[in-house]
Amino acid sequence: MKTTSLLSTALLGITVAASGGAHAGKVLDSVKAKGQVVCGVNTSAPGFSGTDSKGEWRGLDVDACRAVAAAVLNDASKVKFVPLNPPQRFTALQSGEIDMLARNTTWSLTRDASLGVVFTGINYYDGQGFMVPKKFKVENAKQLKNAEICLQSGTTSEKNVADYFKANGIPYKSVVFDSPEAAHTAFFSGRCQVISTDMSELAGIRAQSPNADDYAILADVISKEPLGPAVRRGDDEWFAIVKWSLFAMQNAEEMGITQGNVDKIKAESKDPNVQRLLGTGEDMGKQLGLDKEWAYRIVKQVGNYGESFDRNMGENSPLKLPRGVNKLWNDGGLMYAPPIR
């Protein structure tokens with residue numbers, strides 16, 4: 001009798017799984033009850049997150065948060081942004097203070113395996129570098145012997161610099177700060193001769209300087225920095241929603257679907273792949289515990305990945321960074337989203 005009961009339970013589980021539905025996880029229930037996604041972001045990281053002249057949050061990571069709100073709450077504006085410095089970010093996620101972390105955070109083994117968090121994807125491929133005043137006439141990182149280097153505590157930057165200079169037998173002195181703003185101020189005031197962080201952040205720091213032409217970003221890239229959102233470990237349903245919200249933006253770009261043309265394509269396309277993405281064909285939303293237009297809302301309210309990149313990091317932004325390895329896979333880049341099917 002017991003064997004039959006166990007077998008029946010197992011078969012029931014298979015039947016539920018085969019039905020394609022998903023039950024709501026605790027975080028999704030909480031988000032719906034609050035009516036907002038609480039998202040941890042950088043205090044000020046040009047291109048990734050920061051407030052504009054009107055106090056509105058803008059950035060690549062901000063768009064990642066808004067995409068989730070569009071998918072879950074039908075409204076991309078229903079996000080509470082919580083500015084966090086590096087030492088605060090994982091504690092805030094672990095404690096449940098925030099629902100997701102989108103703070104230009106590097107995906108590494110230590111963080112993925114030991115902090116009780118899980119990364120949901122990569123929204124920017126980066127690498128760590130160095131910026132110096134041009135007056136020092138430094139051409140490469142191996143000329144930085146005995147330099148004082150401004151760094152942020154609680155980041156991968158500290159260890160990367162230590163590893164690089166140890167491997168090359170070069171003495172240096174680290175000067176560590178709790179917040180990016182403090183590190184930036186110290187560098188521009190001359191407290192340090194060098195500042196080291198991700199290349200994208202260096203471009204943002206320089207762009208904000210009143211004397212941007214006085215500083216050079218060295219060509220040396222000393223690390224891999226795959227950046228992306230993270231959620232607490234243990235809620236597979238919420239993990240899937242945050243992950244596929246990013247993938248929806250990337251798939252939309254690959255299909256040529258933008259904020260401007262999404263309604264026309266939704267009404268006219270006979271492509272099953274497009275129909276699954278935009279909710280006019282096979283209902284993919286139910287597998288995430290969402291309705292069938294979850295991805296349509298992301299594209300309509302936030303845009304595809306390329307649009308987000310362009311306005312926050314690329315040609316239509318103050319940073320004007322080249323797309324580089326952050327191009328789609330079919331355009332020579334690394335961005336590759338699993339299919340929605």
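Cys-192 lies buried in this predicted model, with a relative accessibility of 3%. Its partner is Cys-150, and the disulfide between Cys-150 and Cys-192 has an S to S distance of 2.0 Å. This pair links distant parts of the chain, 42 residues apart: Cys-150 sits in strand E9 (residues 148-152), while Cys-192 belongs to the loop between helix H7 (180-188) and strand E11 (194-198). Cys-150 is buried as well, at 1% relative accessibility. Both ends of the link count as buried because their values, 1% for Cys-150 and 3% for Cys-192, fall under the 20% cut-off. For those who like their torsions signed, the link of Cys-150 and Cys-192 is right-handed, with 80° about the S-S bond.

A further disulfide joins Cys-39 to Cys-65, with the sulfur atoms 1.9 Å apart. Here, too, distant parts of the chain are connected: strand E1 (residues 37-42) contributes Cys-39 and helix H3 (residues 60-73) contributes Cys-65, with the two positions 26 residues apart in numbering. The link of Cys-39 and Cys-65 is left-handed, with -40° about the S-S bond. How accessible is Cys-39? Its relative accessible area is 0%, so Cys-39 is buried. Cys-65 likewise counts as buried, at 0% relative accessibility.

Taken together, the count comes to two disulfides. With the bonded cysteines of the protein chain numbered in sequence order, the pairing reads 1-2, 3-4.

Key: Residues numbered from 1 in each chain as written. Predicted model: local features only at pLDDT ≥ 70, side-chain atom pairs only at ≥ 80, totals over all residues. Heavy atoms only, no water. Disulfide = S-S within 2.5 Å. Helix = DSSP H or I, 4+ residues; strand = E, 2+ residues; numbered from the N terminus. Buried < 20%, exposed > 50% of the residue type's maximum accessible area, 1.4 Å probe, protein only.
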